[in-house]
Amino acid sequence: IAGDFNTPLTVLDRSTRQGTNKDIQDLNSTLDQLDLIDLYRTFYPKTTEYTFFSSPHGTYTKIDHIKEASKKN
């Protein structure tokens with residue numbers, strides 16, 4: 001599943017280290033329940049790369065995510 005969620009899903013996905021709000025927590029919970037994993041975070045667990053810059057806020061965020069069904073044994 002490739003998606004333009006238009007929201008950073010983790011603290012690492014934004015240049016300002018503010019926490020995640022309830023809506024993002026709910027979205028992450030739903031993605032977890034669907035057994036989807038973030039491929040980028042799997043391969044690069046601590047790397048910060050951004051896909052969007054907000055001029056008014058002066059912040060960078062990663063809002064494009066690729067999710068894949070995890071393979072459980």
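Biologist: Why are the side chains of Lys 62 and Asp 38 said to meet in a salt bridge?

Modeller: A salt bridge is a side-chain nitrogen of Lys or Arg within 4 Å of a carboxyl oxygen of Asp or Glu. Between Lys 62 and Asp 38 the N to O distance is 3.7 Å, so the pair satisfies the rule. This is a predicted model, in which local features need pLDDT of at least 70 and side-chain atom pairs count only at pLDDT 80 or more, while totals for chains, interfaces and linings use all residues. Residues are numbered from 1 along each chain as its sequence is written, and side-chain values use heavy atoms, with hydrogens and water left out.

Biologist: Where in the chain do Lys 62 and Asp 38 lie?

Modeller: Helices (H or I, at least four residues) and strands (E, at least two) are DSSP runs, numbered from the N terminus. Lys 62 belongs to the loop between strand S4 (59–61) and strand S5 (64–69). Asp 38 is in strand S2, and the two residues are 24 apart, linking distant parts of the chain.

Biologist: Why is Lys 62 called buried or exposed?

Modeller: Buried means under 20% relative accessible area, exposed over 50%, and partly exposed in between (1.4 Å probe, protein chains only). Lys 62 has a relative accessible area of 5%, and is therefore buried. Its partner Asp 38, at 9%, is buried as well.

Biologist: Which residues does Lys 62 touch, leaving aside those up to four places away in sequence?

Modeller: A contact requires heavy atoms within 4.5 Å. Among the residues that Lys 62 touches are Thr 7, Asp 13, Tyr 40 and Glu 49.

Biologist: Asp 13 also has a charged partner; what makes Asp 13 and Arg 41 a salt bridge?

Modeller: The N to O distance of this pair is 2.8 Å, which meets the limit, so the name applies. Asp 13 is in the loop between S1 and H1, while Arg 41 is in helix H2 (residues 39–43), 28 residues apart. Asp 13 is buried, with a relative accessible area of 0%, and Arg 41 counts as buried at 13%.

Biologist: How many salt bridges are there by this rule?

Modeller: The count comes to three. Another of them joins Lys 22 and Asp 26, whose closest N and O atoms are 2.8 Å apart. Lys 22 and Asp 26 are about one helical turn apart, because four residues separate them in helix H1. Lys 22 counts as exposed at 55% relative accessibility, whereas Asp 26, at 36%, is partly exposed.

Biologist: What makes Asp 35 worth a remark on its phi?

Modeller: Most residues other than glycine have a negative phi. Asp 35 is not a glycine, yet its phi is positive, at about 65 degrees. Asp 35 lies in the loop between helix H1 (22–33) and strand S2 (36–38). With 24% relative accessibility, Asp 35 counts as partly exposed.

Biologist: How do you know which element of the protein chain has the lowest confidence?

Modeller: The guide is pLDDT, the predictor's confidence in each residue, from 0 to 100. Its mean is lowest in strand S1 (residues 2–4), at 65, and highest in H1, at 88. Over the protein chain the average is 81, and 89% of the residues score at least 70.

Biologist: What is the order of elements from the N terminus on?

Modeller: The order is β-α-β-α-β-β-β, giving two helices and five strands. Of the 73 residues, 26% count as buried.
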